[in-house]
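Visitor: I would like to go through this model step by step, with each answer reasoned out before the value is given. Could we start with the surface and work from there?

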Amino acid sequence: MKDLNELMQSILDMDIAQRKATEHAMAERKAAMDALAGKKAQIEQQYTEKATQAADDVMRKQAQKCDAVLAGLRKKKEAEAKHMAAAAAAQKDSWAQMLAQRALEG
């Protein structure tokens with residue numbers, strides 16, 4: 001009977017030791033998972049910041065290109081307006097003569 005009690009006590013002691021080891025392993029695993037989650041969050045934040053910065057840089061460069069193109073188009077518009085005004089001024093005398101001739105004929 002004494003041997004049976006000792007055997008049962010040994011089994012219980014082994015069970016307790018196994019549970020403690022399991023709890024310890026689970027605690028270590030949870031700590032490792034928490035550390036990895038923290039690293040993951042940090043990496044995600046870094047890449048989000050980098051992506052935001054890159055997007056801002058691209059938008060700034062595109063805005064500069066658009067401003068340059070717009071300035072070029074404005075200069076071209078002004079040049080065309082001057083050209084058209086000069087062409088109209090050059091034709092002014094011939095138009096006036098043609099209108100006067102039509103008025104006299106008509």
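Visitor: What share of the accessible surface of the protein belongs to carbon and sulfur atoms?
Guide: This is a predicted model, and the values discussed here are computed from it. The accessible surface of the protein comes to about 10,000 Å². The part of that surface that belongs to carbon and sulfur atoms is 62%.

Visitor: What percentage of the residues count as buried?
Guide: To count as buried, a residue must have under 20% relative accessible area. When that cut-off is applied to the 106 residues of the protein, the share that counts as buried is 0%.

Visitor: How many helices and strands does the protein have, and what is its radius of gyration?
Guide: The protein has one helix and zero strands. For 106 residues the globule rule gives 13 Å, and the radius of gyration is well over that value, so the protein is more spread out than a compact globule. Along the principal axes, the C-alpha trace spans about 145 × 25 × 5 Å. The counts asked for are one helix and zero strands, and the radius of gyration is 45 Å.

Visitor: What distance does α1 reach from its first C-alpha to its last?
Guide: Helix α1 covers residues 2-105, and it has 104 residues. At 1.5 Å a residue, a span of 154 Å would be expected, and the helix comes close to this. From its first C-alpha to its last, α1 reaches 145 Å.

Visitor: Where does α1 bend by about 40°?
Guide: The bend at a residue is the angle between axes fitted to the seven residues ending there and the seven starting there. With axes fitted in that way, the angle of about 40° in α1 is found at Lys92.

Visitor: How far apart in space are Ala100 and Leu36, C-alpha to C-alpha?
Guide: Ala100 is found in helix α1, where it counts as partly exposed at 39% relative accessibility. In sequence, Ala100 and Leu36 are 64 residues apart. In space, C-alpha to C-alpha, the two are apart by 92 Å.

Visitor: And what separates the C-alpha atoms of His24 and Ala71?
Guide: His24 has its place in helix α1, and at 49% relative accessibility it counts as partly exposed. Along the chain, His24 and Ala71 are 47 residues apart, and their C-alpha atoms are separated by 70 Å.

Visitor: What is the C-alpha separation of Ala41 and Lys77?
Guide: Ala41 is in helix α1 and is partly exposed, with a relative accessible area of 41%. Ala41 and Lys77 are 36 residues apart along the chain, and the separation of their C-alpha atoms is 53 Å.

Visitor: Which residue meets Asp15 in a salt bridge?
Guide: Side chains of opposite charge can pair when their charged atoms come close. The partner of Asp15 lies four residues away in helix α1, which means a separation of about one helical turn. Asp15 is partly exposed at 30% relative accessibility, whereas its partner is exposed, with a relative accessible area of 53%. The N to O distance in this salt bridge is 3.3 Å, and the partner is Arg19.

Visitor: What is the N to O distance in the salt bridge of Lys30 and Asp34?
Guide: Lys30 and Asp34 both lie in helix α1, four residues apart, and that is about one turn of the helix. Lys30 counts as exposed at 53% relative accessibility, while Asp34 is partly exposed, with a relative accessible area of 44%. Their side chains meet in a salt bridge with an N to O distance of 3.1 Å.

Visitor: What is the corresponding N to O distance for Asp57 and Arg60?
Guide: Asp57 and Arg60 are three residues apart in helix α1, and therefore about one helical turn separates them. Both are partly exposed, Asp57 with a relative accessible area of 27% and Arg60 at 44%. The side chains meet in a salt bridge whose N to O distance is 2.4 Å.

Visitor: How many salt bridges does the structure hold?
Guide: The pairs just described are among them, including Asp57 with Arg60. The number of salt bridges in the structure is four.

Visitor: What is the area of the nonpolar surface patch that includes Met8?
Guide: Met8 is found in helix α1 and is partly exposed, with a relative accessible area of 45%. The patch is made by Met1, Leu4, Leu7, Met8 and Ile11, and its area is about 550 Å².

Conventions. Residues numbered from 1 in each chain as written. Predicted model: local features only at pLDDT ≥ 70, side-chain atom pairs only at ≥ 80, totals over all residues. Heavy atoms only, no water. Patch = residues over 30% accessible without salt bridge, like charges linked within 9 Å, V, L, I, M, F, W, Y side chains within 5 Å. Areas by Shrake-Rupley, 256 points an atom, 1.4 Å probe, with all protein chains shown as cover. Helix = DSSP H or I, 4+ residues; strand = E, 2+ residues; numbered from the N terminus. Buried < 20%, exposed > 50% of the residue type's maximum accessible area, 1.4 Å probe, protein only. Expected span 1.5 Å × (residues − 1). Rg over C-alpha atoms; globule rule 2.2 N^0.38 Å.
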